[in-house]
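User: Please take a close look at one part of this model, the nonpolar packing. Start from the surface, go inward, then set it beside the charged pairs.

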Amino acid sequence: MKNYSIILASGTGSRYGSTLPKQFIRIEGKTILEHTIEVFEQTKEIDEIIVVITPEYRYLAEDILKKSNFKKITKLLNGGETRKDSSFIGISSIHDEEANVIIHDCARPFVTQKIITDCIEALNKYDAIDVAIPSSDTIMEVENNIIVNIPDRKNLKRAQTPQCFKLSLIKKAHELSKGDSNFTDDCGLILKYNLSRVAIVEGSIDNIKITYPNDIFMAEKLLQDKKSEEKNRIKTMKRVITYGTFDVLHYGHINLLKRAKELGDYLIVVLSSDEFNMLKNKKSYYTYEQRKMILEACRYVDLVIPENNWEQKIDDVKTYKADIFVMGDDWKGKFDFLKDYCEVVYLPRTPDVSSTQTKEYLKNN
């Protein structure tokens with residue numbers, strides 16, 4: 001089942017008080033629109049991104065997105081008069097019989113890949129998901145400027161986005177709500193028509209919504225902190241590198257990649273190019289680009305680069321600052337020369353499976 005992200009960027013930013021909608025305001029060299037899309041672009045589980053934009057600024061959005069070179073954006077749609085209208089426009093553009101739909105406000109550029117992944121995993125159990133964090137403040141219910149109730153704070157949460165749904169469910173909710181423009185919340189529609197329970201995924205205090213000009217200062221500080229944390233993380237992360245042809249990917253390959261990734265934080269796969277295979281008198285069932293695409297879709301793989309000759313391993317270990325070199329134990333001892341540069345680990349192969357056996361079976365059956 002495909003995972004579609006709908007980025008709602010069609011607001012006019014009336015509360016922000018700028019002539020330019022806030023999604024086009026730049027923070028640290030990028031627009032808020034780019035920062036937000038980037039998180040979904042980098043989340044492996046997201047298959048397609050649909051952007052719903054303010055119609056008057058469509059050409060500006062097209063120019064920004066073209067320069068940003070995002071690969072997962074498949075639609076840029078004109079938004080409606082209300083948030084509800086824009087949400088329905090995005091939902092209606094998906095024609096799958098069923099899918100997972102992740103709806104996110106563009107003005108929340110600090111959503112994390114973990115939040116998105118947690119939402120998608122939660123959709124395996126529930127049909128509707130909201131993201132929320134505990135309320136740190138006491139909330140008061142007021143009528144005519146008089147407090148009439150103070151709910152127990154432990155039962156209150158602050159809603160964020162994304163909000164996530166099975167496609168058929170959220171389509172039904174919007175169909176039932178035609179003509180009702182009071183709702184600004186997709187989960188609210190689910191609850192109004194009693195269509196499903198709405199489960200909660202834990203959000204983040206940093207997943208702020210940029211609404212007012214002062215929010216930009218907080219956003220800039222969060223981005224600076226994020227960059228600093230990323231630099232520190234990169235410095236301390238343990239990199240693992242492995243090599244192979246990875247033709248006709250099978251569970252043995254996946255098991256090897258999984259165990260390799262468990263040895264560190266970042267897994268680099270050096271994949272035999274078609275030209276290198278020819279030098280080895282070896283022919284793959286799939287081309288290099290096809291094999292690369294398959295590997296990049298694997299959750300354990302962080303980077304795929306080509307192997308063009310036998311001699312590049314030392315340079316690769318140095319260039320990519322690899323801490324651990326991993327190969328199957330059928331190569332045991334043959335790469336010990338790399339021990340001068342990194343740790344060398346030979347992992348046991350998964351028994352009773354190989355690419356040769358798989359291709360032979362496919363050929364004969």
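Analyst: Helices and strands here are DSSP runs, numbered from the N terminus; a helix needs at least four residues and a strand at least two. The model is predicted.

Start at the surface. Methionine 140 sits in the loop between strand E7 (128-134) and strand E8 (141-143). Its relative accessibility is 48%, so methionine 140 counts as partly exposed. The limits behind that label are under 20% for buried and over 50% for exposed. Met140 does not stand alone: together with Val142, Ile147 and Ile150 it makes a nonpolar surface patch of about 370 Å². For the protein, the accessible surface comes to about 20100 Å², and 50% of that belongs to carbon and sulfur atoms.

Now go inward. In soluble globular proteins, nonpolar side chains tend to be buried together. Here, 46% of the 365 residues count as buried. The largest nonpolar core holds 40 residues, and Leu33, Ile37, Phe40 and Ile129 have the most contacts inside it. Several elements give two or more residues to this core: strand E1 (3-9), helix H1 (32-42), strand E4 (48-53), helix H2 (58-68), helix H4 (113-122), E7, strand E11 (199-202) and helix H7 (213-236). Take isoleucine 37 as a probe of the packing. With neighbours within four places in sequence left aside, isoleucine 37 is in contact with Ile7, Ile49, Val51, Leu65, Phe70 and Ile73. Apart from this core lies another, of 20 residues, including Ala99, Val101, Ala128 and Ala173.

Ala173 leads to helix H5 (residues 167-176), where Leu167, Leu169, Ile170, Ala173 and His174 are buried. What covers them? The cover includes helix H3 (83-92), strand E6 (100-105), E7, strand E10 (157-166) and helix H6 (186-192).

Another buried element is strand E15 (residues 324-328), with 5 of its 5 residues buried. E15 has paired strands to follow. Strand E12 (residues 239-244) pairs with E15 in the parallel sense over 3 bridges. Strand E16 (residues 343-347) also pairs with E15 in the parallel sense, over 5 bridges. Valine 326 takes part in both pairings: it is the bridge partner of threonine 242 and stands opposite valine 345 in E16.

Next, the charged pairs. Side chains of opposite charge can pair when their charged atoms come close. The whole structure has 17 salt bridges. One of them touches on H2, a contributor to the 40-residue core. There arginine 58 bridges to glutamate 62, with the closest N and O atoms 3.0 Å apart. The two residues lie in helix H2, 4 residues apart, about one turn of the helix. Arginine 58 counts as partly exposed because its relative accessibility is 22%. Glutamate 62 is partly exposed too, at 29%.

Arg58 also appears beside asparagine 78. Asparagine 78 lies in strand E5 (residues 73-78) and is partly exposed, with a relative accessible area of 36%. Its contacts, leaving aside neighbours within four places in sequence, are Val52, Ile53, Pro55, Arg58 and Ile89. The C-alpha atoms of asparagine 78 and glutamate 56 are 8.7 Å apart, with these positions 22 residues apart along the chain.

Back at H5, glutamate 175 forms a salt bridge with lysine 178 at 3.1 Å, N to O. Glutamate 175 is partly exposed at 44% relative accessibility, whereas lysine 178 is exposed at 54%. In helix H10 (residues 288-296), lysine 292 and glutamate 296 are 4 residues apart, about one turn of the helix. Their side chains meet in a salt bridge at 2.6 Å, N to O. Glutamate 296 counts as partly exposed, with a relative accessibility of 37%. Elsewhere, salt bridges that share partners join Arg83, Asp105 and Asp186 into one network.

Last, the whole. The protein has 12 helices and 16 strands. Its C-alpha atoms fill a box of roughly 80 × 50 × 45 Å along the principal axes. Of the contacts between residues at least 6 apart in sequence, 70% join residues at least 24 apart.

Terms used:
Residues numbered from 1 in each chain as written. Heavy atoms only, no water. Patch = residues over 30% accessible without salt bridge, like charges linked within 9 Å, V, L, I, M, F, W, Y side chains within 5 Å. Areas by Shrake-Rupley, 256 points an atom, 1.4 Å probe, with all protein chains shown as cover. Salt bridge = Lys/Arg side-chain N within 4 Å of Asp/Glu carboxyl O. Buried < 20%, exposed > 50% of the residue type's maximum accessible area, 1.4 Å probe, protein only. Pairing = 2+ DSSP bridges. Core = buried A, V, L, I, M, F, W, Y, C linked by side-chain atoms within 4.5 Å. Contact = heavy atoms within 4.5 Å.
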